[in-house]
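Trainee: I am new to this structure. Can we go through the terms one by one?

Mentor: Yes. Here it is.

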Amino acid sequence: MGMKITPSILNADLSNLSAEIARVPSSDGIHLDVMDNHFVPNLTFGLPMVESIRKNTEAFLDIHLMIANADRWAPAFAEAGAESVTFHVEAADAPIRLARELRAKGARASMALKPATPIEPYEDMLSELDMVLLMTVEPGFGGQKFLDLVLPKIQRTRELVKKTGQEIWIQVDGGVSVDTIGRCAEAGADVFVAGSAVFRAEDPDAMVNQLRDLAVEACH
Ligand code: DX5
Ligand code: ZN
């Protein structure tokens, strides 16, 4: 299982994003947190920002939409050229139709679950997805404490993914650091978002590599 690190720029210098992205050349993608002050109590940026970032980088863009009415807004992010678009199941009226639409527009389709949302009701639609994002904090802010109570859900999701026989990535997001990444990897995650851990490190790129090494190690 290839372990991937996708740094979140939420706590980076947003006035100088190209430079911030250039600080993590070893990353496997850049995680962009779109918030609408409705689905979550915080506001970040939207489609025009993502379109600008797309023009300025070749990096794999991993969009995390924390917005209401995902059915209406998510497809445009795929059209903007993002490689992966994640919508929250709590914000989607028709997740299967939406996942199919994202794939039809050329993006990987991904669905996120808040910490208290169970995975079991979605077992039958896993094959429609390229990735499941399991939030390990309540979405809305960077720098929060990792919620260990999500670990059993990571394990259960890995079991359900195995049953599909497909290669569906399992991403964790929130409080991922050198202290917590091993537990996530052991439980079955293979894609790791890290915001403050990476951008508050003295050497962000070295931190990306250290986190990946720790994830690989935890699975041996
Ligand atoms: C939180 C966001 C995360 C956040 C992670 O709602 O989805 O991507 O930036 O930040 P850290 O790694 O600091 O918890
Ligand atoms: Zn995120």
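The talk below sets values against cut-offs, residue by residue.

Mentor: One point before we start. This is a predicted model.

Trainee: Let us begin with the ligand. What makes Gly195 a polar contact of ligand 1?

Mentor: A backbone N or O atom of Gly195 lies 2.7 Å from an oxygen atom of ligand 1. The cut-off for a polar contact is 3.5 Å between N or O atoms, so a pair at 2.7 Å qualifies.

Trainee: How do you know that Ser196 makes a polar contact with ligand 1?

Mentor: By the distance. A polar side-chain atom of Ser196 is 2.5 Å from an oxygen atom of ligand 1. That is within 3.5 Å, so the pair counts.

Trainee: And what about the side chain of Asp33?

Mentor: An N or O atom in the side chain of Asp33 is 2.9 Å from an oxygen atom of ligand 1. Again the value is within 3.5 Å, so this is a polar contact. Around these contacts, the protein covers 99% of the 380 Å² of accessible area that ligand 1 has on its own.

Trainee: Where does ligand 1 sit?

Mentor: In the largest pocket.

Trainee: Which residues come nearest to ligand 1?

Mentor: Gly140, Gly143, Asp173, Gly195 and Ser196, out of 20 residues around it.

Trainee: Which strands supply at least two residues of the shell around ligand 1?

Mentor: Strands β2 (30-35), β3 (61-66) and β8 (191-194) each do so. The largest share, three residues, comes from β2.

Trainee: How many residues of each class does the shell around ligand 1 have?

Mentor: Eight are nonpolar, ten are polar and two are charged. Mind the classes: glycine counts as polar here.

Trainee: Back to contacts. What does the side chain of Ser8 touch?

Mentor: The side chain of Asp33, through a polar contact of 2.7 Å. A polar atom of the Ser8 side chain also lies 3.2 Å from the backbone nitrogen of Leu10. Ser8 is in the loop between β1 (4-7) and α1 (17-22).

Trainee: Why is Ser8 called buried?

Mentor: Its relative accessible area is 5%. Buried means under 20%, so Ser8 is buried.

Trainee: Why is His31 called buried?

Mentor: His31 has 0% relative accessibility. That is under 20%, so the word fits. His31 lies in strand β2. Its side chain makes a polar contact of 3.3 Å with the side chain of His64.

Trainee: Let us turn to helix α4. Is Leu102 buried or exposed?

Mentor: Leu102, found in helix α4, is buried at 0% relative accessible area, because buried means under 20%. The C-alpha atoms of Leu102 and Pro25 are separated by 27 Å, with their positions 77 residues apart along the chain.

Trainee: Why is Glu101 called partly exposed?

Mentor: Glu101 is in helix α4 (residues 95-104). Its relative accessibility is 31%. Partly exposed runs between the cut-offs of 20% and 50%, so Glu101 belongs there. The C-alpha atoms of Glu101 and Ala78 are 9.1 Å apart, and the two residues are 23 apart along the chain.

Trainee: And why is Asp28 called partly exposed?

Mentor: Asp28 has a relative accessibility of 30%. This value falls between 20% and 50%, so the label holds. Asp28 is in the loop between α1 and β2. The C-alpha atoms of Asp28 and Ala78, 50 residues apart along the chain, are separated by 18 Å.

Trainee: Why is Lys163 called exposed?

Mentor: Lys163 has a relative accessible area of 63%. Exposed means over 50%, so Lys163 qualifies. Its place is in helix α5 (residues 151-164). Lys163 and Glu123 are 40 residues apart along the chain, and 9.5 Å separates their C-alpha atoms.

Trainee: Two loop residues remain. What is the phi value of Asn37?

Mentor: It is near 55°, a positive value in a residue other than glycine. Asn37 lies in the loop between β2 and α2 (47-56). At 49% it is under the 50% cut-off for exposed and over 20%, so Asn37 is partly exposed.

Trainee: What makes Asn69 partly exposed?

Mentor: Asn69 has a relative accessible area of 42%. That lies between 20% and 50%, so the term applies. Asn69 is in the loop between β3 and α3 (70-79). Its phi is near 55°, a positive value in a residue other than glycine.

Conventions
Residues are numbered from 1 along each chain as its sequence is written. Chains are lettered from A and ligands numbered from 1 in the order in which they are written. This is a predicted model: local features need pLDDT of at least 70, side-chain atom pairs count only at pLDDT 80 or more; totals for chains, interfaces and linings use all residues. Side-chain values use heavy atoms; hydrogens and water are left out. Helices (H or I, at least four residues) and strands (E, at least two) are DSSP runs, numbered from the N terminus. Buried means under 20% relative accessible area, exposed over 50%, partly exposed in between (1.4 Å probe, protein chains only). A residue is near a molecule or strand if one of its heavy atoms lies within 4 Å of it. A polar contact is a pair of N or O atoms within 3.5 Å; within protein, one must be able to donate a hydrogen and the other to accept it, and residues adjacent in sequence count only if both atoms are side-chain atoms. Accessible areas come from the Shrake-Rupley method with a 1.4 Å probe; for residues, only the protein chains shown count as cover. On a 1 Å grid over the protein atoms alone, a cavity is a set of points where a 1.4 Å probe fits but cannot get out, and a pocket is an open set with protein on both sides within 12 Å along at least five of seven lines; lining residues have an atom within 4 Å of a point. A molecule sits in a cavity or pocket if more than half of its atoms lie within 2 Å of its grid points.
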